[in-house]
Amino acid sequence: MSENRQETIEGFIYEYPVCEIYHIDTKDLIITEEVRQMCANEFRGGVPEWYYPPALDSIEECRERILHYRYGFLFSTVAEVNDAQDFMGCTEVRREHERLSYEIQERFREYFNDVMTLTTGCALCDPCHCAQGECIYPEKRLYTMESHGIMIMRTIVDVGLTYQYGNQVATYFTLILYND
């Protein structure tokens, strides 16, 4: 990790209500078809189906898109909720995390130009325009990590980030990919 790159990011990231951060090389991400299948078959969490396989590109295309970037920056946010296991009950907290992800994505663009942000989903348009055709903001669109096959929970555990703070705290993660 270049000291300059890390200093640049850490010079602005704490202006935002992030909980934990981690710098990662994209080659260290675990990308599997199994995660995509789980995502496609079992878990959508109220996010439109065009964010998930098979509507999304193939796993090979997603892997290629991810590995176009050399570095990743992972951050989490936390918020108090009634029940962290109630995914639909945490919708507003999740949307707030997505809004924050957009803001941080734009800060990354100021320093690194071309970035790709993967998080809990996209909340740019309400309602989403993808149902009528193509995304009207493809350069800003956020994808889920799981839709791209990233085994994010394994990564979180491997790097020592906290994902469980108790049943009244929702934790969300975002991964921003970038180059120098």
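Which residues of S3 are buried on one side, and which on the other? Val115, Thr117 and Thr119 are buried on one side, while Met116 and Leu118 are buried on the other, so both faces of S3 are covered. This is a predicted model, and here is a friendly tour of what its atoms show.

**Overall layout**
- The protein chain has 5 helices and 5 strands, and along the sequence they follow the pattern α-β-α-α-β-α-β-β-α-β.
- Of its 180 residues, 46% count as buried.
- Among contacts in the protein chain with a separation of 6 or more, 79% are between residues 24 or more positions apart.
- The protein chain exposes about 9300 Å², and carbon and sulfur atoms supply 47% of that area.

**Strand S3 and its partners**
- S3 is mostly covered, with 5 of its 5 residues buried.
- In a regular strand, side chains alternate between the two faces of the sheet.
- S3 pairs with S5 in the antiparallel sense over 4 bridges, and in this pairing methionine 116 stands opposite leucine 177 of S5.
- S3 and S4 run parallel and are joined by 2 bridges; threonine 119 has threonine 144 in S4 as its bridge partner.

**Helix H5 and what covers it**
- Ile152, Thr155 and Ile156 are the buried residues to look for in helix H5, which spans residues 152–159.
- These residues lie on the same side of H5, because they cover an arc of only 100° around the axis.
- An α-helix has 3.6 residues a turn, so residues three or four places apart point the same way.
- The cover over the buried residues of H5 includes strand S1 (21–25), strand S2 (71–80) and strand S5 (169–178).
- Glycine 160, just after H5, takes a positive phi of about 85°.

**Salt bridges**
- The model has 11 salt bridges.
- Side chains of opposite charge can pair when their charged atoms come close.
- One of the salt bridges joins aspartate 180 and arginine 5, with the closest N and O atoms 3.0 Å apart.
- That pair links distant parts of the chain, 175 residues apart: aspartate 180 is in the segment after S5, and arginine 5 is in helix H1 (residues 3–12).
- Aspartate 180 counts as exposed because its relative accessibility is 65%, whereas arginine 5, with a relative accessible area of 4%, is buried.
- In helix H4 (residues 91–112), glutamate 96 and arginine 99 lie 3 residues apart, about one turn of the helix, and they form a salt bridge whose closest N and O atoms are 3.1 Å apart.
- Both ends of that bridge are partly exposed: glutamate 96 has a relative accessible area of 43%, and arginine 99 has one of 34%.
- Glutamate 110 and arginine 107 also meet in a salt bridge, at 3.8 Å from N to O.
- Glutamate 110 and arginine 107 are 3 residues apart in helix H4, so about one helical turn separates them.
- Here glutamate 110 is exposed at 56% relative accessible area, while arginine 107 is buried at 15%.
- Glu15 joins Arg107 and Glu110 in a network of salt bridges.

**A nonpolar patch on the surface**
- Leu124, Ile136 and Tyr137 make a nonpolar surface patch of about 240 Å².
- Leucine 124 sits in the loop between strand S3 (115–119) and strand S4 (143–144).
- With a relative accessible area of 32%, leucine 124 is partly exposed; patch residues need over 30%, so leucine 124 passes that cut-off.

How values were computed:
Residues numbered from 1 in each chain as written. Predicted model: local features only at pLDDT ≥ 70, side-chain atom pairs only at ≥ 80, totals over all residues. Heavy atoms only, no water. Patch = residues over 30% accessible without salt bridge, like charges linked within 9 Å, V, L, I, M, F, W, Y side chains within 5 Å. Areas by Shrake-Rupley, 256 points an atom, 1.4 Å probe, with all protein chains shown as cover. Salt bridge = Lys/Arg side-chain N within 4 Å of Asp/Glu carboxyl O. Buried < 20%, exposed > 50% of the residue type's maximum accessible area, 1.4 Å probe, protein only. Arc of directions from axis to C-beta. Contact = heavy atoms within 4.5 Å. Pairing = 2+ DSSP bridges.
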